[in-house]
Amino acid sequence: SVAAGGAAGGLGGSPLSSEQQEKEEEYERCRLLGAILNLLSSAATPLATASDVRDLMSGQELPALLTSIFRDSKRFGAAVYEKAASLLTEFVHQEPACLQHVLSSGVAEAFLESVAGTYPVSRGVVSVVPSVLGALCLSAAGCQMVEQAKPIAKFMSALCSDKVTALLQGECPSNLGVQLEELMRHNPSLLESCMEGCVHMATRIPTYMAEVQARQDGMGPSSSVTSKEAPGQPLSAQSYLQCAVEFLSKLLEPLMSAAEHARSFVRKDGVQALLQILSLPQLPRAFSRSEAGRFIILVLGKSAFHSPSKVLGEVMQRTRRFVTEVEGEGSAPEEAGKAEGGEKGS
């Protein structure tokens, strides 16, 4: 078997150390657990009866298994976490009556704590979290539990770090934005916390960028590379900033289409946070022609459409301040030259 072969030796037939063997056994157990979760998900297909789902979820074994995975998510990994979350969503949608047991057995609490803590990040996990929150909100008690936990802001704050952002490019942020829009549309009580999460993400990007810049300065210029040049290597500050802005703006674009979402974002100073990012000196010269540049301008345009006076007023104020700074920098050398000429003439 694969496990026996792995235990017998590593590459080239060399024996594995006890630590390596433990890691391989752990990996095999997680693979087996993932296969079991896939098998259980067949009980939530349209061919299954509601009683099948209720019998599985109302017992002790499955809720205990899901709770363990959510409480120790780092150990089980992103693949198992995603399958457990998907299974929970499928069961609740197939048989909403089992949601009460999900809430009372501690499964929902364990999931919400994992989202607010250190959950394993992957594209699949990011896409499944809003689905689980939507399933929990199918009852008033579940919706109240989600509101009190406020998991969305904490969930989103983990997505803008330099270790995560580069892994979630492409369609992932746009899909997440669509899912969050649907979640808020069906559960208006989550609107404020969701938009708070978006604004918090925008305010965290300059902080993360400064940390990346500090590490880059400490390690030397050759230590930081772009994600395209060497995947898995640390991003440079400029590359991180571009990836983070692209993720944030693609996430916000579908949200800003709804007037209430855009106005909430503006009220919470989200536009100010975006303009602060655009004023960072680390932005590349060709930023306006990049994907990130096009999307962030689109987000600002949609925000201005729904709150024109506040957004355009903030933009004009920032523009005047920028022009004043540029004029001040230009006049300084001229004044210095005149002073130097006056000294020579005297």
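What follows is a working chat about a pocket, a surface patch and two phenylalanines in a predicted model.

Biologist: What's the volume of the largest pocket?
Modeller: About 330 Å³ in this predicted model.

Biologist: Which residues line the largest pocket?
Modeller: The lining is made of Leu-275, Leu-278, Ser-279, Val-315, Arg-318, Thr-319, Arg-321, Phe-322 and Glu-325. Two elements, α16 (270-278) and α18 (308-345), each give two or more residues to that lining.

Biologist: Which element gives the largest share?
Modeller: That's α18, with 6 residues of the lining.

Biologist: How many of the lining residues are nonpolar, polar or charged?
Modeller: The split is 4 nonpolar, 2 polar and 3 charged.

Biologist: OK, over to the surface. Which residues make the nonpolar patch?
Modeller: Phe-322, Val-323 and Val-326 make a nonpolar surface patch of about 260 Å². Phe-322 is also in the pocket lining, and its place is in helix α18.

Biologist: Is Phe-322 buried or exposed?
Modeller: Phe-322 is exposed, because its relative accessibility is 53% and the cut-off for exposed is over 50%.

Biologist: Now Phe-91. Where is Phe-91 found?
Modeller: In helix α5, which covers residues 73-94.

Biologist: And is Phe-91 buried or exposed?
Modeller: Phe-91 counts as buried, because its relative accessibility is 0%, and buried means under 20%.

Biologist: How many residues apart are Phe-91 and Ser-42, and what's the C-alpha to C-alpha distance?
Modeller: Phe-91 and Ser-42 are 49 residues apart along the sequence, with 10.0 Å between their C-alpha atoms in space.

Methods. Residues numbered from 1 in each chain as written. Predicted model: local features only at pLDDT ≥ 70, side-chain atom pairs only at ≥ 80, totals over all residues. Heavy atoms only, no water. 1 Å grid on protein atoms, 1.4 Å probe; cavity = no way out; pocket = protein on both sides within 12 Å on 5 of 7 lines; lining within 4 Å. Points joined across faces, edges and corners; volume = space filled by probe spheres on them. Helix = DSSP H or I, 4+ residues; strand = E, 2+ residues; numbered from the N terminus. Nonpolar A, V, L, I, M, F, W, Y, C, P; charged D, E, K, R; others polar. Patch = residues over 30% accessible without salt bridge, like charges linked within 9 Å, V, L, I, M, F, W, Y side chains within 5 Å. Areas by Shrake-Rupley, 256 points an atom, 1.4 Å probe, with all protein chains shown as cover. Salt bridge = Lys/Arg side-chain N within 4 Å of Asp/Glu carboxyl O. Buried < 20%, exposed > 50% of the residue type's maximum accessible area, 1.4 Å probe, protein only.
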